[in-house]
Amino acid sequence: MVREDGKRNFALRESDGEESSVFSGNTPRQAALKAARRLDPGSSESDADRVELRLREKGTDKVHIYDGWAWEETAPDDKPDWMPSEITEANVSKKGIEHLDE
């Protein structure tokens, strides 16, 4: 379901079907990137572990499936004062969509 501001809510589903967190975004990918940033980061993008992320769009039976990974990176030189020197970057790759039978 689309909110007044155009964003949609996506619930992160565990393997047992429990929904632990909700991420919002204009697209499923945007919500998946937010979820991926919470993963344990690797030392580099190539060393990061790929984790399957399953996001159910609230109000629908669609489950968007992504592989997500996160890594630590040095912050850019023009970073704001509040930003730490090491930041977490993330990326996702879409695997597909499933429809729930529930």
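**From one alanine to the whole sheet**

Leaving aside its neighbours within four places in sequence, Ala36 is in contact with Leu53, Gly68, Trp69, Ala70, Ala90, Asn91 and Val92. These contacts are read from a predicted model, and they offer a convenient point from which to explore the rest of the structure.

Ala36 also belongs to the largest nonpolar core, which has 14 residues, and together with Phe23, Leu53, Leu55 and Val92 it is among the residues that touch the most other members. Strand 1, helix 1, strand 3, strand 4 and strand 5 each supply at least two residues of this core, while the largest share, 4 residues, comes from helix 1. As a general background, nonpolar side chains in soluble globular proteins tend to be buried together.

Helix 1, which spans residues 28-36, lies across strand 1 (8-13), strand 2, strand 3 (51-57), strand 4 and strand 5, and its direction makes an angle of about 130° with strand 5. The strands themselves, 5 in number, form an open sheet in the order 2-1-3-4-5, with antiparallel pairing. At the edges of this sheet are strand 2 (19-25) and strand 5 (86-99), each of which pairs on one side only, and from one strand to the next the twist averages 35°.

Following the sheet from the edge at strand 2, one finds that strand 1 and strand 2 run antiparallel and are joined by 6 bridges. Within this pairing, Phe10 has Phe23 of strand 2 as its bridge partner, and Arg8 stands opposite Gly25 in strand 2. The hairpin made by strand 1 and strand 2 has 5 residues between the strands, and in this hairpin Gly17 takes a positive phi near 95°.

On to strand 3, strand 1 is joined by 4 bridges, again with the two strands running antiparallel, and here Leu12 stands opposite Leu55 in strand 3. Leu55 has already appeared as one of the core residues that touch the most other members, as has Phe23, the partner of Phe10.

Towards the other edge, strand 4, which covers residues 62-74, pairs with strand 5 in the antiparallel sense over 13 bridges. One position along this pairing is Ile65, whose bridge partner in strand 5 is Gly96.

Finally, the aromatic side chains deserve a word. The structure holds 0 aromatic pairs, but Arg50 lies over the face of Trp69, at 4.0 Å from the ring centre. Trp69 is also one of the residues in contact with Ala36, which returns the reader to the starting point.

Technical notes
Residues numbered from 1 in each chain as written. Predicted model: local features only at pLDDT ≥ 70, side-chain atom pairs only at ≥ 80, totals over all residues. Heavy atoms only, no water. Pairing = 2+ DSSP bridges. Axes fitted to C-alpha atoms, helices over the stretch in contact; angles between N-to-C directions. Contact = heavy atoms within 4.5 Å. Phe/Tyr/Trp six-rings, centres within 6.5 Å; stacked < 30°, edge-to-face > 60°. Lys NZ or Arg CZ within 6 Å of the ring centre and 35° of its normal. Core = buried A, V, L, I, M, F, W, Y, C linked by side-chain atoms within 4.5 Å. Buried < 20%, exposed > 50% of the residue type's maximum accessible area, 1.4 Å probe, protein only.
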